[in-house]
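Colleague: I'd like a close look at one part of this model, the disulfides. Could you take me through them once the structure is up?

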Amino acid sequence: MLTTLWLLLCFALPVQESPFPISCPNRKQCQLALLSDNDIILHCNAPGAQWQFFTPLKTTWASNLTTNLNMVTMLNGSLLIKNPLPSHTGIYNCNDKDGKKVMRYEIDFQDVITLHITHKDLDQKPLQNESLSLSSKQFVFTQWEPWQDCNQCGKPGERKRLGYCYIQESLENAMPCWLYLGDEKVWSNRLRPEMQVETCHIPCTHIYAKYVVFDNFQLRNNVGSAWLTCPLGSIYRPVFWEANNLSLTWKDQLSGKSISTIMDSSNGGSWLQVFQSAIYRCFVQRELMAQFNSKVNVDPLKFLSSENSKQQPEAEETQKENGNSVLKGLNVMMLVGMVLTVLGCLLKQFHFSRRRERNKMFLVK
């Protein structure tokens, strides 16, 4: 009974991504670069907390409370930011219920739309360091995060790492690009984040799946595709997809070999666009998260249409032979039926004639 209820819940619950938790270990203040359009949770262990957001200007910081529509303070005091925009770059202060500052985050939400993706196995090169001249000379470079875990085990998988745009001026400490620039109007193709991918291979250790979502999907007729979302998937976590037990890789996608699926780079492949029916499964940190089965609606009328019943020549010949056999059988049955009908009529007429003769004989007597 419990298993049945659990399965019903899995089918009923919407498949969503999971916000990625952010914290400053052993500190009450930190400076971070993150990616836009990817949900996060800023940790603050202060129930009843109040958050303040300040946006960076050229010379100072200004309070900005109009952009808090996508920010929700959780019961434990942490702040959930859904679909952060580059304009949400700024300072986030967490104050307790008495107004005392508990945490301070300086965050640069870099535009994920400009993400530069490369694969080491395809000899694709990351962005090169460049100079940026404003009032003084600045040095623009990519500061790389550590490699994420391999997304598969026991067979070739892939791992990725994120890189963020940083600016350094002379001997000053480097800063995330848009925390440094503020509202400065600067355009450069170098001012963008990166994602680098490479092949990896690690042995398997037994992992217990906490839960698995089973869901159905259907290709939309107007575009011939569907979007699948991996639960708990995030650009900050290793995500892996397979179709009918075949691996879907960034290498195939970036090289143009993959034409039936597209992993969305803006969320690290947590969203998958599919163009053909199959059984799709997704893994997060090598743990099975969901299985998606194609839902096919069968229209009985299409089998009556000659346009939708094109078959191979061999199948057509077989169909013709079967059809001829059926027609022959029907003809024989019709002939037998006609004979039996005629015999029935004759017998009925014979019985009717005999009855009339008996009646006549009775009248004569």
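To start with, is Cys-150 buried or exposed? And once that is settled, please walk me through the bridges around it and beyond.

Modeller: Sure, and keep in mind that this is a predicted model. Cys-150 is buried: its relative accessible area is 5%, and buried means under 20%. Its partner is Cys-200, and the two sulfur atoms sit 1.9 Å apart. That link is right-handed, with 85° about the S-S bond. The pair ties together distant parts of the chain, 50 residues apart: Cys-150 lies in the loop between β12 (137-144) and β13 (157-169), while Cys-200 belongs to strand β15 (residues 194-200). Cys-200 is buried too, with a relative accessible area of 9%.

Now stay in that loop and move along to Cys-153, which is bonded to Cys-204 with an S to S distance of 2.1 Å. Here the torsion about the S-S bond is about 100°, so this disulfide is right-handed. Again distant parts of the chain are linked: Cys-153 is in the loop between β12 and β13, and Cys-204 is in the loop between β15 and β16 (213-217), 51 residues apart. The two ends of this bridge fall into separate accessibility classes. Cys-153 has 15% relative accessibility and counts as buried because the cut-off is under 20%. Cys-204, at 47%, counts as partly exposed because exposed would take over 50%.

Further along the chain, Cys-230 is joined to Cys-282, with 2.2 Å from S to S. Its torsion about the S-S bond is about 90°, so this one is right-handed as well. Cys-230 lies in the loop between β17 (226-229) and β18 (239-243), and Cys-282 lies in strand β22 (residues 279-284); the pair links distant parts of the chain, 52 residues apart. As for accessibility, Cys-230 is buried at 0%, and Cys-282 is buried with a relative accessible area of 0%.

Those three are part of a bigger set, since a search of the whole structure finds 6 disulfides. If you number the bonded cysteines of the protein in sequence order, the pairing reads 1-2, 3-4, 5-9, 6-10, 7-8, 11-12.

Technical notes. Residues are numbered from 1 along each chain as its sequence is written. This is a predicted model: local features need pLDDT of at least 70, side-chain atom pairs count only at pLDDT 80 or more; totals for chains, interfaces and linings use all residues. Side-chain values use heavy atoms; hydrogens and water are left out. A disulfide is a pair of cysteine sulfur atoms within 2.5 Å. Helices (H or I, at least four residues) and strands (E, at least two) are DSSP runs, numbered from the N terminus. Buried means under 20% relative accessible area, exposed over 50%, partly exposed in between (1.4 Å probe, protein chains only).
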